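The report that follows is meant to be read with the sequence and the three-dimensional view side by side. It moves from the interior to the surface, and then to a few individual residues.

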Amino acid sequence: MEGGNSPSLQLQQLPLATAAVSVQPHADSFSYKENLIGALLAIFGHLVISIALNLQKYSHIRLAGSKDPRAYFKTKTWWCGLFLLVLGELGVFSSYAFAPLSLIVPLSAVSVIASAIIGIIFIKEKWKPKEFLSCGLAIIGTYLLITFGPNSHEKMTGENITRHLVSWPFLLYMLVEIIIFCLLLYFYKEKNANYIVVILLLVALLGSMTVVTVKAVAGMIVVSIQGNLQLDYPIFYIMLVCMIATAIFQATFLAQASQLYDSSQIASIGYILSTTAAITAGATFYLDFTGEDVLHICMFALGCLIAFLGVFLITRNRKKSVPFEPYISMDAMPGMQNMHDKGIAVQPDLKTSFSYGALENNDNMPEIYTPATLPIVQEQHGSKGVSAPPYRVLEHSKKE
């Protein structure tokens with residue numbers, strides 16, 4: 001009996017094995033489709049954000065060059081830029097629900113590329129041929145990132161996120177990150193280490209937690225829309241609060257960095273550090289590179305390096321904007337010492353201003369500061385034993 005039934009059993013098991021084999025290519029094609037949807041949403045979002053920021057920049061420039069007394073927030077151009085900015089942020093936010101974190105984060109290079117191209121076309125910024133090469137490098141790096149990006153997908157349910165949150169790789173990563181963050185914050189606050197790398201490392205560490213929580217929140221919202229409600233899990237609100245808190249502190253440190261350093265330096269160094277920290281967080285929390293072969297990982301790393309180089313070269317070639325400040329040039333006054341003569345400053349700033357010789361309104365001051373006395377040695381025309389008295393600069397009052 002058993003020998004007679006064995007052929008029929010083999011025939012019955014054959015279609016099941018065939019069906020099991022055919023499921024895997026379908027799943028792979030679906031995961032690549034999700035990668036493509038997430039990448040396109042991220043690229044669309046960053047493009048729209050670049051257009052929005054340049055629209056607002058154009059609004060400020062047009063108001064500064066005209067006699068229009070309106071404030072910038074009363075112009076249609078600025079409000080159009082704000083609407084596009086919100087739309088772009090929504091596109092980037094939704095992209096995290098479809099593609100792996102390590103694939104979406106480096107695509108922020110698209111924003112730098114688009115801003116550079118839009119600045120050439122609409123704001124008439126001047127570029128050199130080598131700067132087009134920088135854009136080409138960034139585009140090649142972006143292409144490699146999309147082509148060889150990680151292909152790990154799982155449903156962002158409350159159970160999966162909780163399981164990742166208490167996994168030992170992420171707990172170890174969090175311990176190391178907290179120690180580094182506390183050390184950097186100590187040197188920044190107590191030792192006045194206001195270096196750009198220190199500040200942007202703080203931003204990058206906070207940003208890595210921001211993108212981890214953004215992916216969790218966006219993924220749980222998409223799963224809820226698809227019919228499997230996830231908003232009743234406490235982990236959703238924990239991630240939401242962490243996302244808002246880290247984003248606020250991240251913006252605070254960025255604002256402090258923008259007061260000390262040029263925006264082009266912040267854009268390039270911040271992109272490199274934030275992308276590196278975010279990819280590391282995605283690899284430890286969501287296990288983005290699990291199951292990937294060595295070739296894909298190496299090509300993805302190469303794409304990151306090329307994108308880093310392209311963004312760095314684009315921002316490095318930008319000229320620093322020097323604000324216009326009227327001043328009195330002491331070089332134009334004959335017979336007077338200037339600020340370069342033996343390091344002696346003869347025109348001190350009023351009210352300890354940062355700009356040397358800046359014109360200030362002194363109507364509310366009863367009397368202007370008395371100029372310094374400048375001894376001028378007179379040529380000896382008389383006898384050698386007689387010394388001429390030094391001339392003194394007269395003290396002028398405000399009425400004179």
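## The nonpolar cores

A nonpolar core is here a set of buried Ala, Val, Leu, Ile, Met, Phe, Trp, Tyr and Cys residues that are joined through side-chain atoms within 4.5 Å. The structure is a predicted model, and in this model the largest such core has 30 residues, of which Tyr96, Leu101, Ile161, Met239, Phe285 and Tyr286 have the most contacts inside it. Two or more residues of this core come from each of the helices α1 (2-64), α3 (101-104), α7 (168-189), α8 (196-225), α9 (234-260) and α10 (263-285). The most is given by α8, which supplies seven residues to this core.

Ile161 offers a way to look into this core from a single residue: leaving aside its neighbours within four places in sequence, Ile161 is in contact with Met156, Ala216, Met220, Ile235, Met239 and Phe285. Apart from the largest core lies another one, made of 15 residues, and Cys135, Leu145, Tyr271 and Ile279 are among them.

## Helix α6 and the salt bridge

His164 lies in helix α6, which covers residues 158-165. His164 has a relative accessible area of 5%, and because the cut-off for a buried residue is under 20%, His164 counts as buried. When its neighbours within four places in sequence are left aside, the contacts of His164 are with Glu154, Phe170, Phe285 and Leu287.

Glu154 also takes part in a salt bridge, formed with Arg163, in which the closest N and O atoms are 3.6 Å apart. A search of the whole structure finds one salt bridge. Arg163 has a relative accessible area of 46% and is partly exposed, and Glu154, with a relative accessible area of 33%, is likewise partly exposed.

## Helix α11 and its cover

Helix α11, formed by residues 294-316, has 23 residues and reaches 33 Å from its first C-alpha to its last, which is close to the 33 Å expected at 1.5 Å a residue. The buried residues in α11 are Phe300, Gly303, Cys304, Ile306, Ala307, Phe308, Gly310, Val311, Leu313, Ile314 and Thr315. An α-helix has 3.6 residues a turn, so residues three or four places apart point the same way. What covers the buried residues of α11 includes α3, α4 (109-121), α5 (129-147) and α10.

## A nonpolar patch on the surface

On the surface, Trp168, Leu172, Leu175, Val176, Ile179, Ile180, Leu183, Tyr186 and Phe187 make a nonpolar patch of about 920 Å². Phe187, one of the residues of this patch, is found in helix α7. Its relative accessibility is 41%, so Phe187 counts as partly exposed.

## Two residues with positive phi

Most residues other than glycine have a negative phi. Asn192 is a residue other than glycine with a positive phi, near 55°, and its place is in the loop between α7 and α8. With a relative accessibility of 57%, Asn192 counts as exposed.

Leu287, which was named above among the contacts of His164, has a positive phi near 55° and is a residue other than glycine. Leu287 lies in the loop between α10 and α11, and at 37% relative accessibility Leu287 counts as partly exposed.

Key: Residues numbered from 1 in each chain as written. Predicted model: local features only at pLDDT ≥ 70, side-chain atom pairs only at ≥ 80, totals over all residues. Heavy atoms only, no water. Buried < 20%, exposed > 50% of the residue type's maximum accessible area, 1.4 Å probe, protein only. Helix = DSSP H or I, 4+ residues; strand = E, 2+ residues; numbered from the N terminus. Contact = heavy atoms within 4.5 Å. Patch = residues over 30% accessible without salt bridge, like charges linked within 9 Å, V, L, I, M, F, W, Y side chains within 5 Å. Areas by Shrake-Rupley, 256 points an atom, 1.4 Å probe, with all protein chains shown as cover. Salt bridge = Lys/Arg side-chain N within 4 Å of Asp/Glu carboxyl O. Expected span 1.5 Å × (residues − 1).
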